[in-house]
Amino acid sequence: MKRRLLYVLALLPALALAQKKPPPLPPAPEPEAAVEDKTPRDPNKFAALSLLGDSVQLLNLTPARGDTVQAGEWTARPAGGLDNAVLQALNTAVKAGDDKREVKLYTSSTRSLFGDPAKLFVDGKLSLPGNLAAAVRSAGAGKLLLVTRSQQEPGLIAALPARIHTPLEGPGFVLDLRPSAQIGFDGQGGLPVFAPYVSIRVALIDLGDLRLRREQSLAVGTRLPVARETAANPWAATTPEQRVQALEALIEAELPKAVKGLVAP
């Protein structure tokens, strides 16, 4: 798939200064009505913004720990690669519904300012830090597709093993080394489970008033093949590029299905 140029937006460092509590002021007059959005908005133009980031969740289960999950993180490289896969999947899904549609793709180089994705919405209205909201509205798009991480239960994904008592969030891997009740044809116990997954949320936002119109959560996963000779450490038997490719493949295969219903007329 041909990679497109992404619009990388740097948030203003002055944002932190603007958040300082000002000294007490005299009573203010009644607030003015919200400024009306006068930018002409084209319903065939979409903005797409991915805030997935590069941090990958790792959930490890071992015989010594039983059902207790050892959680960790891994940083995917190159930077922005997973966001790029998300944006290209959104671009494909939007244009598949109507060839007259246009999509502008955005990501941010300062994801650390976003914090908890759930807090990006206040009373159903999107609130982005810095000048990012103004930037995605400036091109006259009618709708914004926003992709963030989402906390969901592992039981939603049939490909993952049972008894995982930790929620999924964003892209990640499960490595289950616990003894299996399954016995192979060679008389040996079952092989470990090594499974990439993606747990994300897609929100459709009206760029006229920044209000949430629709949303769809996505939780998908698959099992990677594990050879008997690499069963002791399937993670080490894969390269960083192979791990990223496994996550990208899930995104590219499953995300357009979730977006199709969101952008339908």
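Good morning. I shall begin with one residue, Trp235, which touches Leu58, Trp74, Phe173, Leu175, Phe194 and Arg243, leaving aside residues up to four places away in sequence. Trp235 is placed in the loop between E12 and H4. Its C-alpha atom is 9.8 Å from that of Val174, although 61 residues separate Trp235 and Val174 in sequence.

Before going further, I must state that this is a predicted model. The mean pLDDT of the chain is 82, and 79% of the residues reach 70 or more. Which residues have a pLDDT that stays under 50? They are residues 1–35, and for them the model has 41 contacts beyond four places in sequence. Where pLDDT is low, the predicted coordinates should not be read in detail.

Let me now describe the chain as a whole. It has 4 helices and 12 strands. The chain contains 265 residues, and 44% of them are buried. Of the contacts with a separation of 6 or more, 75% are between residues 24 or more positions apart.

I turn to the interior. The largest nonpolar core has 39 residues. Which of its residues have the most contacts inside it? They are Val56, Leu90, Leu145, Ile251, Leu255 and Val259. Helix H4 supplies the largest share of this core, namely 9 residues. Leu255 touches Val86, Ala89, Leu90, Ile200, Val202, Leu218 and Leu250, again not counting residues up to four places away in sequence. There is also a second, separate core of 18 residues, which includes Leu51, Ala133, Ala141 and Ile205.

Next, please look at two helices. Helix H2 covers residues 81–97 and helix H4 covers residues 240–263. At what angle do H2 and H4 pack? The angle is about 35°, and their axes are 8 Å apart. The crossing of H2 and H4 is right-handed. On the H2 side, the residues that meet H4 are Gly81, Leu82, Ala85, Val86, Ala89, Leu90, Ala93 and Val94. On the H4 side, their partners are Val244, Leu247, Glu248, Ile251, Glu252, Leu255, Pro256, Val259 and Val263. The residues of this contact divide into 14 nonpolar, 1 polar and 2 charged.

Let us follow the chain on either side of H2. Ala71 is found in strand E4, residues 70–75. Is Ala71 buried or exposed? Ala71 counts as exposed, because its relative accessibility is 58% and the cut-off for exposed is over 50%. Ala71 nevertheless touches Leu58 and Leu59, not counting residues up to four places away in sequence. From Ala71 to Leu59 the C-alpha distance is 4.8 Å, with their positions 12 residues apart in sequence.

In the loop between E4 and H2 we find Pro78. The peptide bond that joins Arg77 and Pro78 is cis, with omega about 5°. Beyond H2, Asp99 lies in the loop that leads to strand E5, residues 102–108. Asp99 is exposed, with a relative accessible area of 71%. The C-alpha atoms of Asp99 and Asn44 are separated by 9.5 Å, while the two residues are 55 residues apart along the chain.

I shall now consider two residues with an unusual backbone entry in my notes. Arg163 is not a glycine, yet its phi is positive, at about 65°. Leu210 is likewise not a glycine and has a positive phi of about 65°. Where are they placed? Arg163 is in the loop between strand E9, residues 151–152, and strand E10, residues 168–176. Leu210 is in the loop between strand E11, residues 193–206, and strand E12, residues 211–221.

How accessible are Arg163 and Leu210? Arg163 counts as partly exposed, because its relative accessibility is 45%, and partly exposed lies between the cut-offs of 20% and 50%. Leu210 counts as buried, because its relative accessibility is 9% and buried means under 20%.

Finally, Leu128 belongs to the loop between strand E7, residues 125–126, and helix H3, residues 132–137. With 10% relative accessibility, Leu128 counts as buried. Leu128 and Leu210 are 82 residues apart along the chain, and their C-alpha atoms are separated by 9.9 Å.

To close, I return to the helix pair: H2 and H4 pack at about 35°, and H4 gives 9 residues to the largest nonpolar core. Thank you for your attention.

Conventions: Residues numbered from 1 in each chain as written. Predicted model: local features only at pLDDT ≥ 70, side-chain atom pairs only at ≥ 80, totals over all residues. Heavy atoms only, no water. Axes fitted to C-alpha atoms, helices over the stretch in contact; angles between N-to-C directions. Left-handed = near helix turned anticlockwise from the far one by under 90°. Contact = heavy atoms within 4.5 Å. Nonpolar A, V, L, I, M, F, W, Y, C, P; charged D, E, K, R; others polar. Buried < 20%, exposed > 50% of the residue type's maximum accessible area, 1.4 Å probe, protein only. pLDDT = per-residue confidence, 0-100. Core = buried A, V, L, I, M, F, W, Y, C linked by side-chain atoms within 4.5 Å.
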